[in-house]
Amino acid sequence: SRGILCNRADSVTNRIEIEGFTIRNCFATNCGAGIWIINGNLAWTTLVANCVIESNMVLGSDSVSEMAGGGVYSYNTGGGSGIIISNCQIRCNGVTNAASGSFASGGGLYLATGGLRFIVNSLVESNWSGGDRAGGIYFGLGGGGLIIDRCIIRGNGASLYFSANSGGGGVYLGYYTAPLLMRNSLLYNNYAAGSGGGVAST
């Protein structure tokens, strides 16, 4: 079953802070096997800090068109809500696609829409997408930018069963992407069967 689910926290008093957890060996059939966060419409920021998020898997289902976020899935429904991921280890998480025409994105992290997003002083390692996008980090669908600072992103892969259409083994910048700033970080030994073993953008 899914590790942590936080659905539509719409008020300031309900904002989300997840700190000091180990989240391991969880699964889901659509999104967010480790952590699934659906934020509401207010401009506050979710915090995930000092966590180990490992060996979680989104298992594809024929009834679901998109599988995403093996480790962390964060989707903001509106407003300026953002997310900070600080001092975390996100490793060995994955997503699979079950049916032809389905998508699998963000083996480690899937961060879509909303406000500014930060990944700070964290390890994103050995995550994978059996589908077409983002073994390590998927970032896109508008909203604020993404800042990656003092991180190691290594050994992640996107394969789509070794199809040339896969991309972004380390980081994938998806549709309507806001700016990405990566600094003081290491990005290496990531792979994709298609384009952008390190970073790919649509």
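## Terms and scope

Two strands are said to pair if DSSP finds at least two bridges between them, and the elements themselves are DSSP runs numbered from the N terminus, with helices (H or I) needing at least four residues and strands (E) at least two. This is a predicted model, in which local features need pLDDT of at least 70 and side-chain atom pairs count only at pLDDT 80 or more, while totals for chains, interfaces and linings use all residues. Residues are numbered from 1 along each chain as its sequence is written, and side-chain values use heavy atoms, with hydrogens and water left out.

## Overall composition

The protein has 27 strands and 0 helices. Of its 202 residues, 54% are buried, where buried means under 20% relative accessible area, exposed means over 50%, and partly exposed covers what lies in between (1.4 Å probe, protein chains only). The area that the protein exposes comes to about 8100 Å², of which carbon and sulfur atoms supply 52%; accessible areas come from the Shrake-Rupley method with a 1.4 Å probe, and for residues only the protein chains shown count as cover.

Contacts, defined by heavy atoms within 4.5 Å, reach far along the sequence: among those between residues at least 6 apart, 83% join residues at least 24 apart.

## A parallel open sheet

Six strands form an open sheet in the order β2-β6-β11-β16-β20-β24, and the pairing is parallel. Its edge strands, each of which pairs on one side only, are β2 (17–19) and β24 (180–183). Neighbouring strands of this sheet are turned against each other by 5 degrees on average, direction ignored; the axes behind this angle are lines fitted to C-alpha atoms (for helices, over the stretch in contact), and angles run from 0 to 180 degrees between N-to-C directions.

Within this order, strand β16 (residues 117–120) runs parallel to strand β20 (residues 146–149) and is joined to it by 4 bridges. One residue match in this pairing is that of R117, whose bridge partner in β20 is L146.

## Strand β19 and its partners

Strand β19 (residues 137–140) is covered on both faces, since I137 and F139 on one side and Y138 and G140 on the other are all buried. Strand β15 (residues 109–112) pairs with β19 in the parallel sense over 4 bridges, and A112 has G140 as its bridge partner in β19. Strand β23 (residues 171–173) also pairs with β19 in the parallel sense, here over 3 bridges, with V171 in β23 as the bridge partner of I137.

## Aromatic pairs

A pair of aromatic rings is described by the distance of the centres and the angle of the planes. Rings of Phe, Tyr and Trp (its six-membered ring) pair if their centres lie within 6.5 Å, and planes under 30 degrees apart count as stacked, over 60 as edge-to-face and the rest as tilted. The structure holds 4 aromatic pairs. In one of them, the rings of Y73 and Y110 have centres 5.1 Å apart and planes at 10 degrees, so the pair is stacked. Because Y73 lies in strand β10 (residues 72–76) and Y110 in strand β15, the pair ties together parts that are 37 residues apart in sequence. Y73 is buried at a relative accessible area of 10%, and Y110 is buried at 4%.

The rings of Y138 and Y172, with centres 5.7 Å apart and planes at 15 degrees, likewise form a pair that is stacked. As Y138 lies in strand β19 and Y172 in strand β23, this pair ties together parts that are 34 residues apart in sequence. Y138, at 1% relative accessibility, counts as buried, as does Y172 with a relative accessible area of 8%. Ring pairs link W36, Y73, Y110, Y138 and Y172 into a cluster.

## Buried residues I153 and N156

I153 has its place in strand β21 and, at 0% relative accessibility, counts as buried. Its C-alpha lies 6.1 Å from that of L186, although the two residues are 33 apart in sequence. Apart from neighbours within four places in sequence, the contacts of I153 include V124, I137, I148, V171, M182 and L186.

N156 lies in the loop between β21 (152–154) and β22 (157–158), and at 0% relative accessibility this residue also counts as buried. The side chain of N156 makes a polar contact with the side chain of N190 at 2.9 Å; a polar contact is a pair of N or O atoms within 3.5 Å, of which, within protein, one must be able to donate a hydrogen and the other to accept it, and residues adjacent in sequence count only if both atoms are side-chain atoms. Leaving aside neighbours within four places in sequence, the residues in contact with N156 include V124, E125, S126, G135, G169, N190 and Y191.
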